[in-house]
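This report goes through the overall make-up, the sheets and the nonpolar cores of one protein chain. Please keep the sequence and the model at hand while reading.

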Amino acid sequence: WLHADDTFKILIATDIHLGYLEKDAVRGNDTFNTFDEILKCAKQNQVDFILLGGDLFHENKPSRRCLHSCISLLRKYCMGDTPILFDVLSDQAVNFSNSKFPWVNYQDENLNISIPVFSVHGNHDDPTGADGLCALDLLSSAGLVNHFGRSQSVERIEISPVLLQKGSTKLALYGIGSIPDERLYRMFVNNQVTMLRPKEDQDQWFNLFTIHQNRSKHGATNYIPEQFLDDFLDLVVWGHEHECLINPSRNEQRLFYVTQPGSSVATSLSPGEAVKKHIGLLRVKGRKMNLQKIPLHTVRQFFIQDLVLSEHPDLFNPDMPKVNQRVEAFCQEKVEAMIEEAERDRLGNPLTPEKPLIRLRVDYSGGFEAFNATRFSQKFVEQVANPKDVVHFIRQKEYKAKVKGEEGVDFGQLLSHSSTEGLRVEDLVKEYFLTAEKTVQLSLLTEQGMGKAVQEYVDKEEKDAIEELIRYQLEKTQRHLQQRGVLTEEEIDQEVQRMERGERGEDLDLSDEPDVSMDSDEDSAPPPPTRGRGRGGRGRGRGQTTARRGRGLFLSKIYSLMRKGKLYLCMYILTTAFVCMCGCVLCVNVFVPVCLGAAEPKPAGRARSQKASVVNPTQGRNIMDGEWLLCFSNLSVCVCIIVLIYYSSSIPPSFSSLHSAAFLAPPQRPSRGAVAAKSYTDEVSPSHSHLCLLL
């Protein structure tokens with residue numbers, strides 16, 4: 001590693017979240033101080049470039065103060081006269097195709113860059129709006145950041161690497177910005193993600209890949225397994241996960257290493273954020289690498305501890321008098337112990353903020369009651385940075401009485417204390433429709449798409465997000481109906497119901513819009529037992545099938561035709577049925593007795609003969625007897641009537657359209673309507689002849 005001319009030195013960091021809680025009086029400057037430390041560390045170590053793994057900003061539209069601070073720090077540390085010792089060999093117009101200046105910033109003759117910054121976008125600062133711009137695009141236009149790894153296609157992704165060379169070391173830098181996990185998972189499964197490789201000397205390149213997705217499994221397809229990535233990679237820098245696991249771990253199936261630097265600021269009071277924060281200094285020479293982790297000193301301390309009250313029966317139990325006071329005193333001792341530990345760790349490090357973050361999670365299941373957390377937290381206003389939420393009560397075994405909403409939605413469980421921490425807007429929308437009644441389910445839109453649109457409307461202040469989603473979905477549905485040749489109202493209803501039933505992943509995929517993350521194989525995975533999504537979906541499917549079968553009944557068909565104004569066809573069916581029934585009754589009751597010459601039966605004898613036939617079935621009657629033939633004729637009449645009714649109620653829609661067109665044909669029908677009418681006639685003629693034969 002002594003030959004600096006052949007060694008890449010790269011500073012790696014992810015999830016900086018500039019602007020997080022910037023209006024907080026205590027924690028407002030935390031992200032800016034840590035970003036200052038990261039850039040200062042890069043300059044002190046004389047790195048070749050900085051690699052950021054997404055979420056540079058916490059908000060999709062950062063404030064002017066946040067942008068001003070970021071630009072000031074980048075200009076302070078990344079601009080200067082220090083020469084750049086590596087070259088870019090790839091086609092920069094492909095690597096930075098979305099930029100107005102499609103070349104690396106240090107090659108711009110109007111700029112003086114000493115430390116280039118390469119970054120992919122994350123889910124917090126991803127491109128949105130009609131122009132598809134993000135905060136990184138602003139920095140890219142200013143010449144401060146090289147934004148790469150952006151894909152605009154929702155059907156196929158081709159990742160073209162940025163090819164860098166320093167001396168004899170060749171580095172292929174791959175990157176992919178944040179994409180909804182369900183969509184990217186489906187694209188990997190369908191082999192729609194391709195990583196391009198250099199044509200020459202493929203074995204001599206060190207392949208570095210930067211990704212910003214879920215690494216841990218949050219659902220059936222709400223993550224990206226490491227096995228999906230190509231096996232020619234050497235190192236994967238994984239963003240989005242905030243827990244610091246910066247030591248490279250080897251994937252034994254793909255034989256590459258994965259490093260997870262984690263976030264540089266605690267954005268949630270969860271156990272993963274309590275791990276010490278680090279950044280990485282990566283050295284690459286040839287195909288060899290060395291990753292040195294560097295601790296961050298400006299990060300605010302965070303200590304978290306769990307307390308289960310039922311595990312301390314010797315100290316208190318629910319039946320004990322004044323048990324709440326004892327529990328509160330015990331919790332105060334725990335908090336004070338964590339504050340003392342934070343003070344000991346901060347000694348000798350003046351860069352660390354004075355007030356730490358303290359979180360005590362109290363499991364009060366087993367009959368205990370929660371005390372006043374706000375009053376308890378006020379005792380530590382001058383000692384901690386989060387005095388409003390020092391204590392967090394949870395119940396792992398018990399749940400309070402459910403509170404039902406207007407539509408029967410369990411908002412109590414939906415917004416329970418144990419699940420609101422870290423919950424996203426799109427998760428709330430999805431949970432709402434999973435627990436809502438059938439009458440409030442979506443038809444054309446999907447839960448995932450609506451959740452994404454609401455999330456962009458709330459979190460990213462995209463006022464037109466919901467309107468754009470609805471407009472896109474309507475246009476795509478209209479194109480689909482036109483391609484299928486759907487004309488009548490009934491066919492449109494059936495097609496929409498088919499889409500609602502879950503066939504969108506088979507015949508009509510409406511999930512490839514930029515704002516919708518639809519999982520094509522979600523129904524194949526076993527659903528969580530508490531949600532019952534699979535059972536509900538199948539129940540809706542059976543209900544719709546029954547409804548469609550019910551439309552085949554005679555009266556329902558007549559009512560449907562009358563409602564649509566097809567009176568001629570209704571009169572035709574009813575008249576046919578009436579004439580047939582009258583003719584059959586007349587034939588059975590008049591012509592059959594006359595032809596057989598049957599005499600008037602004797603009531604007593606007839607009754608005795610029927611009784612005898614029931615008691616002794618072996619004594620049969622003559623098959624040519626008039627009474628038996630009369631019964632057989634009535635049975636035949638019933639069968640004929642049933643067949644006629646079923647046949648009349650099942651007349652094809654094209655036949656009904658033919659007859660209704662004679663009365664309701666609009667004068668402005670296009671010329672191709674005549675061709676369609678001709679095809680209707682050809683199609684219905686055989687069925688109509690069969691009906692005449694039956695009459």
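## Pairing and the three-stranded sheet

Two strands are taken to pair if DSSP finds at least two bridges between them. On that basis, this predicted model contains an open sheet of three strands, in the order 16-17-18, whose pairing is parallel. Strand 16 (302–308) and strand 18 (391–394) are the edge strands, each of which pairs on one side only, and the twist from one strand to the next averages 20°.

Strand 16 and strand 17, the latter covering residues 357–363, run parallel and are joined by seven bridges. Within this sheet, L307 stands opposite V362 of strand 17.

## Overall make-up

The protein chain has 19 helices and 18 strands, and of its 695 residues 44% count as buried. Its accessible surface comes to about 37600 Å², with 54% of that area belonging to carbon and sulfur atoms.

Among contacts between residues at least 6 apart in sequence, 73% join residues that are at least 24 apart.

## The six-stranded sheet

A further open sheet has six strands in the order 5-4-2-1-14-15, and its pairing is mixed. The edges are formed by strand 5 (146–147) and strand 15 (288–295), each pairing on one side only. The mixed character can be followed strand by strand: strand 1 pairs with strand 2 in the parallel sense over four bridges, whereas strand 1 and strand 14 pair in the antiparallel sense over five bridges. Residue pairs illustrate both cases, since I12 has L51 in strand 2 as its bridge partner, while I10 stands opposite L282 in strand 14.

Strand 14 also pairs with strand 15, in the antiparallel sense and over eight bridges, and V284 has M289 of strand 15 as its bridge partner. These two strands form a hairpin with two residues between them, and G286 in the turn has a positive phi of about 65°. Strand 14 is mostly covered, seven of its eight residues being buried. Helix 1 lies across strand 1, strand 2, strand 14 and strand 15, and runs at about 175° to strand 1.

## Nonpolar cores

In soluble globular proteins, nonpolar side chains tend to be buried together. The largest nonpolar core of this model has 35 residues, and the members that touch the most others are L18, F35, I50, L56, F57 and L74. At least two residues of this core come from each of strand 1 (8–13), helix 1 (30–44), strand 2 (49–52), helix 2 (64–78), helix 4 (135–141) and strand 14 (278–285). Helix 2 gives the largest share, seven residues.

Which residues does F57 contact, once its neighbours within four places in sequence are left aside? F57 is then in contact with H17, L18, P62, C66, L67, C70, H124, D125, A135 and L139. Another core, of 27 residues, lies apart from the largest one, and its members include I113, L164, L173 and C244.

## Sheet and core together

Read together, these descriptions share several elements. Strand 1, strand 2 and strand 14 belong to the six-stranded sheet, and each of these strands also supplies at least two residues of the largest nonpolar core. Helix 1, which lies across those strands and strand 15, likewise supplies at least two residues of that core.

Notes:
Residues numbered from 1 in each chain as written. Predicted model: local features only at pLDDT ≥ 70, side-chain atom pairs only at ≥ 80, totals over all residues. Heavy atoms only, no water. Core = buried A, V, L, I, M, F, W, Y, C linked by side-chain atoms within 4.5 Å. Buried < 20%, exposed > 50% of the residue type's maximum accessible area, 1.4 Å probe, protein only. Contact = heavy atoms within 4.5 Å. Axes fitted to C-alpha atoms, helices over the stretch in contact; angles between N-to-C directions. Areas by Shrake-Rupley, 256 points an atom, 1.4 Å probe, with all protein chains shown as cover.
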